Amino acid sequence: MIGAFLLAAIPDSTPIGQNGTAKETLRVRSHFVLRPILIRLRPCFFVGAAAFLFVARISAQSSAAETPEANPGRPTVSTPATLTPVGYLQFENGGLYAESSPEFTTLSGINQVTKLTVAPGLQLLALSAPLAHASRAIGDALPGSRPGEVFAGFQAVVLSGKGQKPTVSLSYIRRLYASPAPEIDIGTFRNSASILVSDDLAGFHFDINGIFSEQTKGIIRRGQFGQTFSISHPLGRLTVAGELWHFTQPLTSRNAVGNLWAVSYPVRKNFVLDAGFDHGLTSSSTQWEGFAGFTYLLPHRLWGLHNPK
């Protein structure tokens, strides 16, 4: 679900490869990129640790037999076609640090997604970025600490997976608040519709998304197309995920392409930690992003009889 917060594309004023200097800088930076990312994400880890202790204490009040299983949409750009258990609130929270984008030098922020499946096959979504802090903003974006975007929408299953048959869903998301903060490479959208496909094959889990969005700038309206392909596989209790994604950048006539790698760990069935990084593969992409967060499914159903299925 990180894809809902990958926003805004501005032309790159310093193309990579000029006199070879930028290429060499990027090559050296790639060797040491994890260090500044980890330093910038350190407050997120403290917040995550506190949240871990809090939700673990709450989770301990419910027996394992009564606790439903979380269905994380983070940390990949792809969103799973499957839904959360009916009647249970799920929270997906995380921190992100990004650097070397055409629109900013560095950007750090917090993102949050709330999901509630209200009926079999229908899930409501609320997405927000409570805080974003950027340095050297370009264009109309403002530097410093700003509130981020706010979105709302829904996801509906149109084909339930069973055996080798995949799960297929459709989703729609609309922006409720446009932030003055700079965004990362795929641009902000007013409306977005997606087709989502999820399947399991030979021990691997696949999430594939096709995305069509409406981007706006003043009176200009442009259509954007995106594709994401994510593969994950368990290694013991850890799950390792790799992803390749592509989005057109209609306001600048460019393309953003990136490669993401992440790991997740289920502390409990309803509490999953995650961390990873993303590397942009084109000059108009954000070059490096690091992120960490957690998914927590409330162990008590909001209405009706308790039924973890």
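The accessible surface of the protein chain in this predicted model comes to about 14700 Å², and carbon and sulfur atoms account for 64% of that area. Of the 309 residues in the chain, 47% are buried. The secondary structure consists of three helices and 13 strands. Among contacts with a sequence separation of 6 or more, 59% join residues that are 24 or more positions apart.

In soluble globular proteins, nonpolar side chains tend to be buried together. The largest nonpolar core of the model has nine residues, namely Val-77, Ile-186, Ile-211, Trp-245, Phe-247, Ala-256, Leu-260, Ala-262 and Phe-291. Two elements, strand 10 (238–249) and strand 11 (254–268), each give two or more residues to this core. Strand 11 supplies the largest share, with three residues. Another core, of eight residues, lies apart from the largest one and includes Leu-96, Ala-98, Ala-132 and Ala-134. The surroundings of one member of the nine-residue core, Ile-211, were also examined. When residues up to four places away in sequence are not counted, Ile-211 touches Ser-192, Ala-193, Ser-194, Gln-224, Phe-225, Gly-226, Thr-228 and Phe-247. Of these partners, Phe-247 is itself listed in the largest core.

Charged side chains were considered next. Side chains of opposite charge can pair when their charged atoms come close. A search of the whole structure finds three salt bridges. One of them joins Arg-74 to Asp-274, with 2.7 Å between the closest N and O atoms. Arg-74 is placed in the loop between helix 3 and strand 1, whereas Asp-274 belongs to strand 12 (residues 271–280), so this pair ties together parts of the chain that are 200 residues apart in sequence. Both Arg-74 and Asp-274 are buried. For Asp-274, the relative accessibility is 6%, a value that counts as buried because the limit is under 20%. The link between the two residues also appears as a polar contact from the side chain of Asp-274 to the side chain of Arg-74, at 2.7 Å. Leaving aside neighbours within four places in sequence, Asp-274 is in contact with Arg-74, Pro-75, Val-263, Ser-264, Ala-292, Gly-293 and Phe-294.

A salt bridge is also formed by Lys-115 and Glu-92, whose closest N and O atoms are 3.0 Å apart. Lys-115 lies in strand 2 (residues 104–119) and Glu-92 in strand 1, so the pair ties together parts that are 23 residues apart in sequence. Lys-115 has a relative accessibility of 4% and therefore counts as buried. Glu-92 is buried as well, with a relative accessible area of 1%. A further salt bridge brings together the side chains of Glu-214 and Arg-221, at 2.6 Å from N to O. In this pair, Glu-214 counts as buried at 12% relative accessibility, while Arg-221 is exposed, with a relative accessible area of 56%.

Asp-185 presents a contrasting case. This residue is located in the loop between strand 6 (167–177) and strand 7 (191–201). Asp-185 is buried yet has no salt bridge. The nearest side chain of opposite charge is that of Arg-254, 11 Å away, and a salt bridge requires the nitrogen and oxygen atoms to be within 4 Å. The side chain of Asp-185 does, however, reach the backbone nitrogen of Thr-286 at 2.6 Å.

Two further loop positions illustrate how residues separated in sequence are placed in space. Thr-67 is found in the loop between helix 3 (42–59) and strand 1 (89–101). With a relative accessible area of 7%, Thr-67 is buried. Thr-67 and Pro-299 are separated by 232 residues in sequence, but their C-alpha atoms are 5.4 Å apart in space. Ile-138 occupies the loop between strand 3 (122–135) and strand 4 (144–146). The relative accessibility of Ile-138 is 23%, so this residue counts as partly exposed. Between Ile-138 and Thr-105 there are 9.3 Å in space, C-alpha to C-alpha, and the two are 33 residues apart in sequence.

Key
Residues are numbered from 1 along each chain as its sequence is written. This is a predicted model: local features need pLDDT of at least 70, side-chain atom pairs count only at pLDDT 80 or more; totals for chains, interfaces and linings use all residues. Side-chain values use heavy atoms; hydrogens and water are left out. Helices (H or I, at least four residues) and strands (E, at least two) are DSSP runs, numbered from the N terminus. Buried means under 20% relative accessible area, exposed over 50%, partly exposed in between (1.4 Å probe, protein chains only). Contact means heavy atoms within 4.5 Å. Accessible areas come from the Shrake-Rupley method with a 1.4 Å probe; for residues, only the protein chains shown count as cover. A nonpolar core is a set of buried Ala, Val, Leu, Ile, Met, Phe, Trp, Tyr and Cys residues joined through side-chain atoms within 4.5 Å. Lys and Arg count as positive and Asp and Glu as negative; His and the chain ends are not counted. A polar contact is a pair of N or O atoms within 3.5 Å; within protein, one must be able to donate a hydrogen and the other to accept it, and residues adjacent in sequence count only if both atoms are side-chain atoms.
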